[in-house]
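Got the viewer open and a selection box ready? Let's walk through this one stop by stop.

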Amino acid sequence: MRIAIAGAGNVGRSIAQELIDNGHQVMLIERQPRMLRPDRVPAADWVLADACELTSLEEADLAGCDVVVAATGDDKVNLVVSLLAKTEFAVPRVVARVNRAENEWLFTEQWGVDVAVSKPRVMAALVEEAVTVGDLVRLMTFRQGEANLVEITLPEAAPYVGEPLRVIPLPRDSALVAILRGKRVLVPTPDDSIEAGDELIFVCTAEVEDAVRTVMLGADSVERTRGQR
């Protein structure tokens, strides 16, 4: 995906680096020259511009982006960026950082915001989660990195599509905790079957993430994903 991030502070750079590590093309937009630090995220495209100005966004080709992340430290700026991205450039997915809890009620679809969040890792995961099929996306880390909440959206060719959960040989230290199917949230039971398009939510240790990916997506999924990155 091509992703634009408004704001190149610590949060913006953290999101950018994680998305780049996951194989995406990232553009960082920053209006303060002192904040331009290409050496911090050398693989990103750096743009000195005001993300609240329509002409600056046109020059940066915001319309060509799959996702825009409004990640500045100013909620007013993030709302303006979100609104412009959605209404002027029809960006499919807009993720916005909320700095002050009392402003959270403003971050809605009316302002062009699809998802409002505050943590860099969660923001990066939400950017990918809606558009990533056939890969494992880490959503959250628990207990100082010992366990993670991860998501897999099943493609049609996944090995166990149509099979009940009781026949799926999940590795030790992993658990399927929810199935998101359309607008429904299902608590999995051994007799439930999984379907193409299901979003499967697991809790597992980092050590078995590749094993979970292999079971749910096929033996070649780990190397295929690494090859894309």
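Start by selecting β4, residues 67–70, in what is a predicted model. Both faces of this strand are covered: V67 and V69 are buried on one side, V68 and A70 on the other. Buried here means under 20% relative accessible area, with exposed over 50% and partly exposed in between (1.4 Å probe, protein chains only). Helices (H or I, at least four residues) and strands (E, at least two) are DSSP runs, numbered from the N terminus.

Two housekeeping notes before moving on. Residues are numbered from 1 along each chain as its sequence is written, and side-chain values use heavy atoms, leaving out hydrogens and water. Since the model is predicted, local features need pLDDT of at least 70 and side-chain atom pairs count only at pLDDT 80 or more, while totals for chains, interfaces and linings use all residues.

Now add the neighbours of β4. On one flank, β1 pairs with β4 in the parallel sense over 4 bridges, and A70 is the bridge partner of A6. Pairing requires at least two DSSP bridges between the strands. Next, show β5 (residues 93–97), which is also parallel to β4, again over 4 bridges; look for V69 opposite V95.

How does the chain get from β4 to β5? Follow the path through α3: this β-α-β crossover is right-handed, which means that with the strands pointing away from you, the route from the first strand over the helix to the second runs clockwise. Select α3 itself, residues 75–87, and you'll find the helix lying across β1 (2–6), β4 and β5, at about 175 degrees to β5. Contact means heavy atoms within 4.5 Å; axes are lines fitted to C-alpha atoms, for helices over the stretch in contact, and angles run from 0 to 180 degrees between N-to-C directions.

Zoom out to the sheet. This is an open, parallel one with 6 strands in the order β3-β2-β1-β4-β5-β6. The edges are β3 (45–48) and β6 (115–117), each pairing on one side only. From one strand to the next, the twist averages 20 degrees.

Last close-up: α5, residues 209–217, where E209, V212, R213, V215, M216 and L217 are buried. Look down the axis of α5: its buried residues fall within an arc of 165 degrees, so they line one face (the arc is taken from the directions from the helix axis to the C-beta atoms). Just after α5, G218 has a positive phi of about 115 degrees.

Finally, select everything: the protein chain has 6 helices and 11 strands, and 47% of its 229 residues count as buried.
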